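Dear colleague,

I am passing on the structure we spoke of, together with some notes on what turned up in it. Please read the notes with the coordinates open beside you.

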Amino acid sequence: MFNKNLKRISLLLVLILVAFSFSIYAMSSAPVEEKEGNKVVEQGTPKYVFLFIGDGMASSQRMLGEYFLRAKTGDQNAKLTMNQFPVAGMNSTYAANTLVTDSAASATALATGYKTNKGMIGQVPDGTAVKTIVEAARDKGMATGVISTMRLTHATPASFLAHNESRYNPNQIAEDIAASDVDFLAGGGYRYFVPKDGELKSKRKDDKDLVKVFEDKGYKSFVNDPAGFRDYKPESGDKVFAPLTYSHLPYELDRDPKKLPSLAEITQKGIETLSKKDNAFFMMVEGGRIDYAGHANSPATVANDMLAFDQAIAKAYEFYKNHPKETLIVVTGDHETGGLGLGFKNDYFLNVDELLPIKSSLDKINYSGDRKALFTALKEEYGLTDLSDKEIAKIKQAMNLEDAGKKPVEYMPGFMSPVDAAIANVLSERVNLFWTTYAHSGTTVPLTAVGVSATNFGGYKDNTEIAKTLAEVLGVKLTEAK
Ligand SMILES: [Zn+2]
């Protein structure tokens, strides 16, 4: 009897021990692996610094991009590269004079550490120019790069390169950019750099040839030359000026990959060019068209531009993996666009699969009064092959308004047509998401970071603190407060 009990007790003890050691194993193994994937927390001065700005990118855009990636790959665990970085923060974005900011005021905050008024570029509200982080990095002797899917003179890149009372002075902003001595400039919008009445179509009011200014300084220029840009093999000491298109680069959905490089390809070229010098570099990369897609309330266009932006970040992350003790990557947004909410009515299901067949942006679908042609284009070019009677009725109602020269709502902006709005609405309802505005919203944006001194960017910060923190970790000075 005694023996039997002893046996039972020892068996129980063994079982408890086995269970205990298993639970220790389980507790320690999974998180350690995760930590190894996320080795980050080097402190000090990074040699290679990337600042990625998703224009109009806040939490909803980051999640829509991630759910779209899952739908596209069929991998329910897929994550955006930017959503895997180990350090996270939240940033407030308000401007000096409005709680809902624009890209000029928000990019000026991210670039200089100063709040300014909506529309102002690299200046504080009284018109004083303040130093940008790109200028500070350049003055420290770092190689510098600014890349955007927008025209290079547009609000976000301009706020890192220029100083102007208004974002709507692109000709003056172009002159600042030509004087900036930034080593790698690539994006859209040659129209403000080429002279009036020259070979290429210009929007300048004068005969100034800013391309020549770049070339005289020794830049390799790829004006309206995406093929040449693609073939170009960077060499040590190269400087590059590459406004590849007349205006913005197209939405990712509308980009012809045979003709135009992706944002990831441009970023990779920037990395190759700047790292050739073997000195330190600072690079700002803007995914600019996420914002336009948000203004158009177009979910498929947002989702595809989010993936294109994330693929550019993945190029920087590859570089980081080769130089983990020297690289810092910071990803943030300048503000939210569209008031995008992932969920609508009384329904918990998001049907992101609905975005998969969409083959173009609404820019490609133009209603000219020919109803049949529009419905054919929706089927053949846009990818909406199975419109319900209710959806068709909604689009026809918008056609009635458009034919009568009316708007569905007074606040619909000039660039939208009632038919565009109806199609965007049909698609949004299919996905079960909704928009509160055709403009920006005043919510916070998430920031993520990886690499040397990445932890300094975590926490709940104002957007001005991002520039200040960059200056601090780079050991450079921005304009000091009076
Ligand atoms: Zn915007």
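Is Tyr 232 buried or exposed? Before the answer, please keep in mind that this is a predicted model. Tyr 232 has a relative accessible area of 6%, and because buried means under 20%, Tyr 232 counts as buried.

Its surroundings begin with an aromatic partner. The rings of Phe 222 and Tyr 232 have centres 5.2 Å apart and planes at 45°, so this pair is classed as tilted. The two residues come from distant parts of the chain, with Phe 222 in the loop between strand S5 (220-221) and H8, and Tyr 232 in the loop between H8 and strand S6 (240-243), ten residues apart. Phe 222 is likewise buried, at a relative accessible area of 9%.

Across the model, the count of aromatic pairs comes to 19. Another of them is formed by Phe 184 and Phe 229, whose ring centres are 6.2 Å apart and whose planes meet at 50°, so that this pair, too, is tilted. Here the contact joins strand S4 (residues 184-188), which holds Phe 184, to helix H8 (residues 226-231), which holds Phe 229, over a separation of 45 residues. Phe 184 is buried with a relative accessible area of 0%, and Phe 229 is buried with a value of 1%.

Phe 184 also leads into the strand pairing, since in S4 it is the residue that stands opposite Gly 145. S3 and S4 are paired in the parallel sense, with four bridges between them. On strand S7 (residues 281-287), S3 has a further parallel neighbour, joined to it by six bridges, and there the bridge partner of Gly 145 is Met 283. As for S3 itself (residues 143-151), nine of its nine residues are buried, so the strand is largely enclosed by the rest of the structure.

Ring pairs also build a cluster, which links Tyr 48, Phe 50, Phe 52, Phe 281, Phe 309 and Phe 319.

Finally, two tyrosine rings have a charged side chain over them. The charged end of Lys 115 sits over the ring of Tyr 94, at 3.7 Å from the ring centre, while Arg 289 lies over the face of Tyr 251, with a distance of 4.0 Å to the centre of that ring.

With best regards

Methods
Residues are numbered from 1 along each chain as its sequence is written. This is a predicted model: local features need pLDDT of at least 70, side-chain atom pairs count only at pLDDT 80 or more; totals for chains, interfaces and linings use all residues. Side-chain values use heavy atoms; hydrogens and water are left out. Rings of Phe, Tyr and Trp (its six-membered ring) pair if their centres lie within 6.5 Å; planes under 30 degrees apart count as stacked, over 60 as edge-to-face and the rest as tilted. Buried means under 20% relative accessible area, exposed over 50%, partly exposed in between (1.4 Å probe, protein chains only). A charge sits over a ring if NZ of Lys or CZ of Arg is within 6 Å of the ring centre and within 35 degrees of the ring normal. Two strands pair if DSSP finds at least two bridges between them.
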